[in-house]
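Reader: I should like to learn how to read salt bridges in a protein model. Could we go through one example together?

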Amino acid sequence: MTEAWALDQDGQLAVGPVRVRVPAKINLHLGVGPLRPDGYHELHTVYHAVSLYDEITARAGDALTLTMQGEGVGEIELDDRNLVIRAARALAAAAKVEPKARLHLRKQIPIAAGLAGGSADAAATLVACDSLWDTGFSRADLADIAATLGSDVPFLLYGGTALGTGRGETVNPVLARATRWHWVIAFSAGGLSTPDVYRELDRLRASGKGGAPLGSTDGLLAALRQRDPAALGAVLGNDLQAAAVSLMPQLETTLQSGRDAGAHAALVSGSGPTCVFLADDEAHAGEIADAVREHGDCREVQLAHGPVPGARVG
């Protein structure tokens, strides 16, 4: 987007706006290893960016401020506790510039939903403020900053489909055929705390009820190259699913509604409680969505596709 110069409401010269759209993520594979000394679990995951978007708009300002609309209004803090503000400050510190910007978040990704909405917003902020402040950072430079903000933030800078290791912050793109996968995304009425879900997984495993940990991603990576939804659906998995269902048992009703409707896979996204379903095509996704709306225990159902690019200006 070309920058436009104009007078703001106070009569001051302002530059912008810079608008950045950023997708949600789901995990096609989320293998959770043991707890590390730093308090994180070792992860082996395959990220997948889908066409459900938040948008950050950045304008020049005399201070760093954040306003928002959409999902989470009244529930999300708009101060230094928010990842958007923290991302802007982290970039400003790295670039040695004053953290001054008027940021506005247009939010469609639900909060505490296992879709990395907060991480997506942080990634979008890095891209928007990089452009607004003309820092000249590369995407790799931004990814280094992103890794300090959260495990999922680096992936949302890139998007697509990628392998995540460490605590998820080390990201390597997955080379696969250009295939559009069709998804149904079901939002629950409430949210789940990611730390709570990990603690519940640790509790379940200690009691012998956590299920066998997921193995290698080799089968999934091979399935991505086949362009066959049935083959891909057979190898999707999430070690956190049992913990999420344990904390929110009604998720099983939603998952079963998608299975009954013929979804190739029905799983909890990340730490939940969002449920996702893999379909043959857009028409099939519509049929699954109708069934989940009727029989599932969820507040909203949307169609999406992936993979899509990460945070981008425009």
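Author: Let us begin with a group of residues: R36, D38 and E42 are linked in a network of salt bridges. The model is a predicted one, in which local features need pLDDT of at least 70 and side-chain atom pairs count only at pLDDT 80 or more, while totals for chains, interfaces and linings use all residues. Residues are numbered from 1 along each chain as its sequence is written, and side-chain values use heavy atoms, with hydrogens and water left out.

Reader: What is a salt bridge?

Author: Side chains of opposite charge can pair when their charged atoms come close. The term salt bridge is used for a side-chain nitrogen of Lys or Arg within 4 Å of a carboxyl oxygen of Asp or Glu. In the network, E42 and R36 meet in this way, at 3.1 Å from N to O.

Reader: How many salt bridges are there by this rule?

Author: The count comes to 14 salt bridges. Among them is the pair E77 and R81, whose closest N and O atoms are 3.1 Å apart. Another is formed by the side chains of R299 and E300, at 3.6 Å from N to O.

Reader: Is R81 buried or exposed?

Author: Buried means under 20% relative accessible area, exposed over 50%, and partly exposed in between (1.4 Å probe, protein chains only). R81 has a relative accessible area of 55% and is therefore exposed. Its partner E77 is partly exposed, at 40%.

Reader: Where do R299 and E300 fall on this scale?

Author: R299 counts as partly exposed at 40% relative accessibility, and E300 is partly exposed at 28%.
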